[in-house]
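The following exercises concern pockets and one helix of a protein chain. Each task is followed by a solution in steps.

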Amino acid sequence: MNDIPPLRWSTLRRNHPLLLRLFPAIWALLVLIGVGVYLLVTNALSQDDDVQQRSRTFIAHSLEQQRGEIGRNIINYSKWGEAYRHLHLTVDKAWADDQRNVGDIPFDLYGYNGVWVVDGASRTVYGVIDGQPSASALTDWLQGDVDGLVAQARAPALADGSVVRAMEVAGAPAIVAAASITPGWDSSIAVVPGPPSVMMFVTVLRPDRLAQLSANYGLPPLTASRQPLPGYESMPLLESATQLNWQPPRPGRGLLRQTLPLFVASVLLLAGVLYLLLRHVLATGRQIEAQMQALRTSQAELQGSERRFRDMAETSSDWLWEVDAQGRLTYLSDRFAQVTGQRRSDWLGRPLADLLRPREGALQPWLQHALSGMEGSATLVCETRGPAGQQRICRITARAIEGGRGHRGTATDLTDEWQAQAEVRHLSLHDALTGLPNRRQLDQFLSQHLAPAAGAPQPGLALLSLDLDRFKPVNDALGHAVGDQVLQEAARRLAALAGPGGMAARVGGDEFILALPQAAGAATAPLDLDALCARVIAALCEPFCLEGQVVFIGTSVGVSLAPAHARTPDELLRRGDIALYEAKAAGRNTWRLYTDAMNAHVLARRQIEGELRTALADGQLRLHYQPRYALPGGALRGLEALVRWQHPERGLLLPQEFIPLAEETGLIRPLGEWVLHTACQEAARWPAAVSVSVNLSPGQLGGDGPGAGDRALPRVVAQALEASGLAPGRLELEITERVLLDHEQGVLQTLTALKQLGVRLSLDDFGTGFSSLAYLRQYPLDGIKIDRSFVAQLPSQGSDRAIVQAMSQLGRSLGLTVTAEGVETQGQLDCLLQQHCDEVQGLHFSAPLPPEGVAALWTAAGVAGDSVRPQR
């Protein structure tokens with residue numbers, strides 16, 4: 001057969017009915033082949049996945065059966081009165097081995113390779129390896145966290161149960177079951193106090209044992225390894241690092257190896273048949289090529305008549321227009337009436353210039369540019385009017401008609417786009433809630449008014465930074481909807497105060513700015529500034545009547561002046577914020593004028609903050625300890641950890657000089673963690689009867705909650721106890737009512753978590769807050785500390801004695817330890833002895849001591865916990 005010349009597919013498709021009938025069948029056949037291959041492969045892989053999943057399920061069930069079997073067997077042997085008598089109270093090997101109560105029985109019956117007993121001191125007192133008595137220590141034969149396993153088996157929650165873990169014996173994985181030895185149901189045997197002995201059964205999973213396990217449960221051959229083996233399926237052995245590996249059967253892939261060759265051969269044969277058929281079709285197509293040539297000629301003639309339509313389609317984006325050489329409209333598309341709301345018949349024959357008015361320039365010169373051949377880039381923004389006189393914006397394009405017979409083009413309506421852009425411009429410069437200018441517009445306003453004209457003096461401007469007082473309680477109590485109304489009404493009042501020449505702007509949640517050009521310059525008298533700020537405060541102190549609610553707020557005001565205080569917007573705003581900070585510190589509903597001393601104070605605080613960060617990193621912090629004694633008798637009970645800062649230049653700084661700054665800057669959390677860890681580490685070296693107490697700041701509880709992670713206070717305390725080895729009962733955490741007030745929502749959960757760790761909780765400065773009695777009932781406290789303000793005048797003030805007596809009686813009735821702090825005189829101590837206070841501390845007994853000085857307290861006590869006479 002002769003070579004087939006290339007043919008156009010479109011020609012063959014339009015003129016060869018045989019090809020049109022044949023190709024759907026070919027495509028359907030190809031689709032069926034593809035579906036068949038897909039179903040075959042999918043079914044095979046599904047079989048493999050199913051077998052693999054069942055293998056994993058059977059192996060997991062088998063391991064759980066092994067865990068359950070060994071766990072039940074260890075309970076049968078350990079929860080037995082005779083075992084308690086012969087393996088815990090005494091170790092009777094004759095009873096265990098000769099009488100075969102234990103001995104080789106677990107090995108012969110169950111195949112357990114090891115039987116061990118450790119006493120209450122975790123010493124190996126009985127061992128059997130492969131049915132033979134052994135004098136080896138358990139830890140010499142069994143590798144892993146043996147102590148942790150023993151401790152878990154002794155847990156009270158497992159008094160009637162057992163624990164099963166995976167460990168290793170000589171590098172081979174092993175299943176270990178452990179349980180405490182108890183009399184079980186035998187009530188005739190008295191339980192001896194002290195840690196119980198622990199019995200263990202050990203099954204070593206050597207290759208022969210794994211093979212037996214596979215045979216017994218119908219599993220694929222198992223192999224143990226420390227890491228998953230390449231090419232194998234694997235799963236951990238009882239949640240351990242040891243992996244069990246196996247190769248599951250793959251019947252699906254075997255099926256593919258058998259059927260795919262036959263399937264491919266059939267497809268190739270079918271492809272050969274299709275190839276011959278297509279060659280015949282293409283040969284037939286040559287015969288109709290001559291006929292298609294005539295059609296191409298007729299298509300060329302049609303192209304001229306279609307040119308006008310293509311020109312219109314290329315430039316059309318909305319409605320179309322056409323004018324003659326005199327600029328009169330000869331055509332308007334149907335979209336014209338839909339967009340403009342006007343009838344086409346009203347405009348046909350009228351000048352285009354009457355319909356469209358350019359925003360810049362004139363229409364006729366612009367059309368002349370299009371006539372000269374610049375139509376590719378010709379666009380013009382024009383205005384038109386709707387039937388009701390409403391303005392619309394459109395962008396037109398134009399193309400000259402051949403022969404100078406006029407122009408045609410498109411008009412794209414931009415009205416909605418321009419309105420949206422205007423709205424965006426408005427929103428970019430205004431606050432969405434209040435409608436006031438935002439920070440961006442404020443910056444533009446300040447830049448405009450602070451930049452003098454050439455040769456002109458610097459204009460004056462007063463900037464008032466405002467922060468609403470008591471807004472957050474209103475927002476929390478009445479909801480955000482009412483809070484938004486408060487902000488809107490406050491914005492309205494401030495806008496009225498700003499006047500036509502000034503600006504009121506909202507720059508934050510409840511933060512506003514009043515910028516008043518020429519209202520208060522450098523030469524403005526203080527009385528005028530007093531009156532201005534008084535009007536602002538009075539306006540915002542007026543009641544807000546919203547939805548039946550009468551709301552009262554206030555404001556603090558910081559004032560900065562230009563050019564006296566700053567000449568740039570950023571600096572003027574910064575100094576206004578500094579003055580506002582001073583006003584808020586001075587109380588509500590007040591104002592402060594910026595001074596250089598304020599800036600110096602801020603810079604000094606910033607320097608101290610940087611030095612405090614350095615102190616945390618460089619270890620400049622120290623802990624001193626003030627002892628706490630019992631009444632009566634004077635026994636040393638514990639020491640309170642008090643942080644000090646060994647400043648390289650200023651010497652030893654007390655907490656009141658840097659703790660408030662740490663709370664403001666967020667440094668209190670790392671500082672508090674350092675105090676906790678350091679106090680626990682040092683207290684771990686003290687006598688066991690002496691505890692340590694650590695004060696908690698509100699900032700240390702502020703981040704507790706979902707997402708707090710490792711910085712949550714209970715976790716920090718647990719880490720400190722674990723790292724130091726300090727018993728939880730020797731750590732006491734002191735919290736103030738301020739902590740409870742600042743974090744009332746989540747503090748109960750946090751304190752409950754701390755109590756679950758075993759630490760003690762004490763309420764410091766008791767009696768100085770608002771709700772102390774409610775706290776004693778609501779929170780899991782162990783003690784209260786009477787504030788030093790009640791102790792100072794105790795000998796001379798009968799009211800203070802009555803209060804202390806009431807606090808002591810209240811604490812005793814609730815089972816709380818009552819501690820009096822700030823005891824500085826013998827008279828105060830005598831009064832406290834009469835009031836039956838539990839503990840005392842203060843300078844009358846000892847000043848806070850450095851770590852090296854506390855050793856003298858043990859010497860004075862003689863033995864840890866012995867009574868001592870408090871010494872000054």
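**Exercise 1.** Determine which residues lie nearest the centre of the largest pocket and which elements supply its lining.

*Solution.* The model is predicted. In it, 35 residues line the largest pocket, and those nearest its centre are Glu-640, Leu-642, Pro-655, Asn-695 and Asp-764. Next, consider the elements: at least two lining residues each come from strand E24 (636-647), helices H21 (659-665), H22 (668-683) and H23 (698-701), and strands E26 (691-695) and E28. The largest share, 5 residues, belongs to E24. By class, the lining comprises 15 nonpolar, 10 polar and 10 charged residues. The space in this pocket is about 960 Å³.

**Exercise 2.** Describe the second largest pocket and its lining by class.

*Solution.* This pocket holds about 270 Å³ of space. Its lining has 13 residues, with Arg-470, Phe-471, Lys-472, Pro-473 and Arg-588 nearest the centre. Two or more residues come from each of strand E16 (461-469) and helix H16 (471-478). Helix H16 gives the most, with 4 residues. The classes are 3 nonpolar, 2 polar and 8 charged.

**Exercise 3.** Establish whether the buried residues of helix H29 line one face or are spread around the axis.

*Solution.* First, list the buried residues: Asp-800, Val-804, Met-807, Ser-808 and Gly-811. Seen down the axis of H29, these fall within an arc of 100°, so they line one face of the helix. In general, an α-helix has 3.6 residues a turn, so residues three or four places apart point the same way. Finally, the cover over the buried residues of H29 includes strand E28 (760-766) and helix H30 (826-834).

Notes:
Residues are numbered from 1 along each chain as its sequence is written. This is a predicted model: local features need pLDDT of at least 70, side-chain atom pairs count only at pLDDT 80 or more; totals for chains, interfaces and linings use all residues. Side-chain values use heavy atoms; hydrogens and water are left out. Buried means under 20% relative accessible area, exposed over 50%, partly exposed in between (1.4 Å probe, protein chains only). The arc is that of the directions from the helix axis to the C-beta atoms. Contact means heavy atoms within 4.5 Å. On a 1 Å grid over the protein atoms alone, a cavity is a set of points where a 1.4 Å probe fits but cannot get out, and a pocket is an open set with protein on both sides within 12 Å along at least five of seven lines; lining residues have an atom within 4 Å of a point. Grid points are joined across faces, edges and corners, and a volume is the space filled by probe spheres set on the points. Ala, Val, Leu, Ile, Met, Phe, Trp, Tyr, Cys and Pro count as nonpolar, Asp, Glu, Lys and Arg as charged, and the others, Gly among them, as polar.
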